[in-house]
Amino acid sequence: MKKVTSLQIERLFQFTDQHFVDYYDVQLELVDHLANAIEEQWQENPDKDFETALQEEFKKFGVFGFLEVVEARQAAMQKRYHQLMWKEAKEFLKLPKVVILATAFLVSFTLITQITYGVYILIGILLCLVILFSLRFYKNNKEIKRLRKQSKQKPYLLETLLNHTGQFGAFLNLPIQLLVLITKEVEINIWIGIIYGLLLTGVTLVFYITLFLLPRKRDEILQEAYPELKMQTL
Amino acid sequence: MSNSKLYKGSLSTIILKLLSKEDKMYGYEITQRVKELTKGELKITEGALYPALHKLEADGLLEVEMQKVDNRLRKYYKLTQKGTTETVSKLEELERFMETMNGLMNPKPSLG
C-alpha cells in the first residue's frame, strides 16, 4: 500500500499552518487525519497526485476549513485551564492557605470601612501588586519568546493559555479601577466593605494563580495534557 | 455531520458506543467505522467529529494516548471510567428517544 512520505508529512504541517492552525496539538491530529485519508484514496487510485488528494480531503472539512476544529479545541482547552485554576484556588480555601485569603480580605475590609483615607492606602498596595504582576507578565512573555525562537514547531494550545494567563492578563488593572470607582461614586458602608474585600481578594488570587502558580507547574501540566511529551522525555 | 441533521444530536453517543466496543480508536478510524457499519448511509464529517471528540475529552469522558505510526504521531481516544458510565446512560436515553419516536410514527390503534 502506498504511504505518505516524511516530506509529504512536512507539507501537511505546512498546509495546516497556511490554513490558520496555530497550535501543534491540533496540527498533529489533522496531519494524521489527512495522511490517513490520502492513503485511503491511494488504495483506490495509486496514481493520484498528492496535492489533488489533499485538496479533496480539505474540502470535506466544509466552508470554514479547519476553523471549527480549532475553535472546539480552544473551548476544550479553556475548560481544562479553568479546571486547573479552580484546583489551585480550592487549595486556598483549605488550611493553611485560607489564612492568607482571610488576612487579605480583613486588611481590605478594614482599610475600606474603618480607616480614614484607607481606600487610598489600599490603592497604593494594589498598585504595588499590579506592578509586580505586570513585571511577572513581562518576564513570562520574554521567556516564551526565547523558547519559541528555539523551537521550530508551533506551540501547544494549552501552553499558549498558560503563557498568556488564559486571557486574564487583560484585566490586570481591574483592582485599581474598582477602587477608583469607590472613591468617586460609592457611599462606603459595611456591605461595600464586604463586597470590595471579597472582590479584591478574589481578583488578586486569580492573578497569583495565573501568573505564578500555573506557569511554575507548566511542564507537569503539559505532560499530563499531551502524552507525546512524555514519549519525548523517555 | 452526515447526510441528515437528524443524526447530529446523537454524534456523542455514536462515538461513545464505538469506543465502548474497542480499546481505543483514532479520529479517521471512527469516520471509517461509521461509514462501514451503516454501509455508507451515515457519513460523519471531519468538521463535526473532532469538535465532538474534543468536547468529550474536555468533559473527562475520553482520555488520549499517542502512538508513533509510520512517520507520524497518532492520537488515540479511549473511554475513561466516567465515559463508560456515561455511555450506558446515553444509550438508555437514545433507546427511550427511539421508542418515543416509534410510538409517534406508528401509533397503536386503540380499542374502543
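According to an unreviewed UniProt entry, chain A carries the annotation "transmembrane region" over residues 92-111, 117-135, 156-182 and 188-214. The model discussed here is a predicted one. Two of these annotated segments can be compared with the coordinates. Residues 92-111 of chain A are 70% helix and 0% strand, and 22 Å separates the C-alpha atoms at the two ends. For residues 188-214 of chain A the helix share is 93%, again with 0% strand, and the end C-alpha atoms lie 36 Å apart.

The segment 92-111 also contains a cis peptide bond, which links Leu95(A) to Pro96(A) with omega at about 0°. Pro96(A) sits in the loop that runs between α4 (67-91) and α5 (98-113) of chain A.

Taken as a whole, chain A has 11 helices and 0 strands. Its order along the sequence is accordingly α-α-α-α-α-α-α-α-α-α-α. The C-alpha trace of chain A extends over about 85 × 40 × 30 Å along its principal axes. Its radius of gyration is 24 Å, whereas a compact globule of 234 residues would have a value near 17 Å. Of those 234 residues, 44% count as buried. Among contacts in chain A with a separation of 6 or more, 72% are between residues 24 or more positions apart.

The surface and charge of chain A can be described in the same terms. The accessible surface of chain A is about 13,300 Å², and carbon and sulfur atoms hold 62% of that area. Chain A has 27 positive and 26 negative side chains, with 9 Å between the centres of the two sets.

Two aspartates of chain A give a more local view. Asp17(A) belongs to helix α1 (residues 6-18). Asp17(A) counts as partly exposed because its relative accessible area is 34%, a value between the limits of 20% and 50%. Leaving aside residues up to four places away in sequence, Asp17(A) touches Gln27(A) and Lys154(A). Ala225(A) is 208 residues away from Asp17(A) along the chain, and their C-alpha atoms are separated by 22 Å.

Asp32(A) lies in helix α2 (residues 24-44) of chain A. With a relative accessible area of 4%, Asp32(A) is buried. Where is its cover to be sought? Apart from residues up to four places away in sequence, Asp32(A) touches Tyr26(B), Arg72(B), Leu73(B) and Arg74(B). These contacts lead to the second chain.

Chain B has 4 helices and 3 strands. From the N terminus on, its elements follow the order α-β-α-α-β-β-α. The C-alpha trace of chain B spans about 70 × 30 × 20 Å along its principal axes. The radius of gyration of chain B is 17 Å, against a value near 13 Å for a compact globule of 112 residues. Of the 112 residues in chain B, 44% are buried. Residues 24 or more positions apart supply 49% of the contacts in chain B with a separation of 6 or more.

Chain B exposes about 6,700 Å², with 54% of this area coming from carbon and sulfur atoms. Its side chains include 19 positive and 16 negative ones, and the centres of the two sets are 4 Å apart.

Helix α2 of chain B is a second place where the two chains come together. The residues buried in α2(B) are Gly27(B), Tyr28(B), Glu29(B), Ile30(B), Thr31(B), Arg33(B) and Val34(B). Their cover includes α2 of chain A, along with α1 (11-21), β1 (25-26), α3 and β3 of chain B.

After α2(B) comes Lys39(B), which has a positive phi near 50° although it is not a glycine. Lys39(B) is part of the loop between α2 (27-37) and α3 (46-58) of chain B. Lys39(B) is classed as exposed because its relative accessible area is 79%. Asp70(B) likewise has a positive phi near 50° and is a residue other than glycine. Its position is in the loop between β2 (62-69) and β3 (72-79) of chain B. Asp70(B) is partly exposed, with a relative accessible area of 45%.

Conventions: Residues numbered from 1 in each chain as written. Chains lettered and ligands numbered in written order. Predicted model: local features only at pLDDT ≥ 70, side-chain atom pairs only at ≥ 80, totals over all residues. Heavy atoms only, no water. Rg over C-alpha atoms; globule rule 2.2 N^0.38 Å. Buried < 20%, exposed > 50% of the residue type's maximum accessible area, 1.4 Å probe, protein only. Contact = heavy atoms within 4.5 Å. Areas by Shrake-Rupley, 256 points an atom, 1.4 Å probe, with all protein chains shown as cover. Lys, Arg positive; Asp, Glu negative; His and termini not counted. Charge placed at Lys NZ, Arg CZ, Asp CG, Glu CD. UniProt positions renumbered as here; feature names shortened; annotations may be inferred.
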